[in-house]
Amino acid sequence: MTDPIDSAPIDVALLTGGGDKPYAFGLATALMPAGVHLDLIAGDELDLPEFRDTPAVDFLNLRGDQRPDVHTLKKVLRVLAYYLRLIRYAFSSRPAVFHILWNNKFEFFDRTLLMLYYKLLGKKTVLTVHNVNAGIRDSNDSWLNRLTLRIQYRLADHIFVHTEKMKSELAEGFGVVRSVTVIPFGINNSVPTTSLTPAEAKQQFGINARERTILFFGNIAPYKGLEYLVAAFQLLLSRDGEYRLMIVGKPRGPAAYWSGIEQMLRDIDPARMLQKIEFVPDEDTELYFKAADVLVLPYTPRSSRAECCFWATASGCP
């Protein structure tokens, strides 16, 4: 058998959608030494030293700056500019394989017309499916959502999912039974790991050695089930006051959901709480995980993403 590293490199365009640094970083850095030459289609978030001056990677910053603190018109214009760059790139690109890690802003367009465009150009499309049907999870499913998902799944030459359950959902919900590979959710290797000890991390938050700390980390949305953790924590405190709950993440989805969580939190002693209700950059992630004694991600049954091991294993949760 020929060693893939000694063979001619395979040219692959990795379409990241411009976000999800942990996933894109892990996938790209795994493909680079495996005889794959990448056109990494991304934005400022992935403009990293690992992808600069690297023979195995052509970093193409088609997305640019994605800061949310700009006016609506600028957001619209930069999204349209990105689509124009992407369409132009696809027309003249060398890679015959397009690995779609995430769709872009206009998902219905990405799932249908953009997929057809890639096919007309003769590209082989590989699709990573993170959620088989996020509409069910988010309670906003529709016939149009299901139709466009079905079209994209049928047009893709190969699909990657993270669990056997997701593979079954593709077959049962969309009739996709061939060319599906299960690859468990990867470890987050994009976050820094230092010599910081759990005791030092706790000290930075003013948590004493007797307190046991529970961490919720990530986007705050209905499918994450944070309300169940808060209710359980209230019960736990009624039995033992030596616990601390850390809620770290940015609210997403219906505003009423986070408002309801805030109402529940008002019934908890503020001394037992630590909240960081905003996006936390990678360089700060380690601090929260090392300060925690346990990570709790109380996903609801509708959620199909297997993130728990991804975060807990990668970030040194005790």
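1. Let's start with how the chain folds back on itself. Among contacts between residues at least 6 apart in sequence, 70% join residues at least 24 apart. Please keep in mind that this is a predicted model.

2. Next, the secondary structure: the chain has 11 helices and 11 strands. Its radius of gyration is 21 Å, close to the 20 Å that the globule rule gives for 318 residues, so the chain is as compact as a globular protein of that length. If you turn the C-alpha trace along its principal axes, you will find that it spans about 65 × 45 × 45 Å.

3. Now for inside and outside. Of the 318 residues, 47% count as buried; that label means under 20% relative accessible area. The accessible surface of the chain comes to about 16200 Å², and carbon and sulfur atoms account for 59% of it.

4. Is there any empty space inside? Rolling a probe the size of a water molecule over the atoms shows where empty space is left. Here the structure holds 1 cavity of 30 Å³ or more, and the largest cavity has a volume of about 60 Å³.

5. Which residues line the largest cavity? They are Leu-15, Gly-17, Tyr-82, Leu-86, Ile-100, Trp-102, Asn-103, Asn-104, Asp-110, Leu-114 and Tyr-118. By type, the lining divides into 7 nonpolar, 3 polar and 1 charged.

6. Try finding two helices around that cavity: α2 (72–92) and α3 (107–120) each supply at least two residues of its lining. With 3 residues, α3 gives the most to the lining.

Definitions and conventions. Residues are numbered from 1 along each chain as its sequence is written. This is a predicted model: local features need pLDDT of at least 70, side-chain atom pairs count only at pLDDT 80 or more; totals for chains, interfaces and linings use all residues. Side-chain values use heavy atoms; hydrogens and water are left out. On a 1 Å grid over the protein atoms alone, a cavity is a set of points where a 1.4 Å probe fits but cannot get out, and a pocket is an open set with protein on both sides within 12 Å along at least five of seven lines; lining residues have an atom within 4 Å of a point. Grid points are joined across faces, edges and corners, and a volume is the space filled by probe spheres set on the points. Helices (H or I, at least four residues) and strands (E, at least two) are DSSP runs, numbered from the N terminus. Ala, Val, Leu, Ile, Met, Phe, Trp, Tyr, Cys and Pro count as nonpolar, Asp, Glu, Lys and Arg as charged, and the others, Gly among them, as polar. The radius of gyration is taken over C-alpha atoms; the globule rule is 2.2 Å times the number of residues to the power 0.38. Buried means under 20% relative accessible area, exposed over 50%, partly exposed in between (1.4 Å probe, protein chains only). Contact means heavy atoms within 4.5 Å. Accessible areas come from the Shrake-Rupley method with a 1.4 Å probe; for residues, only the protein chains shown count as cover.
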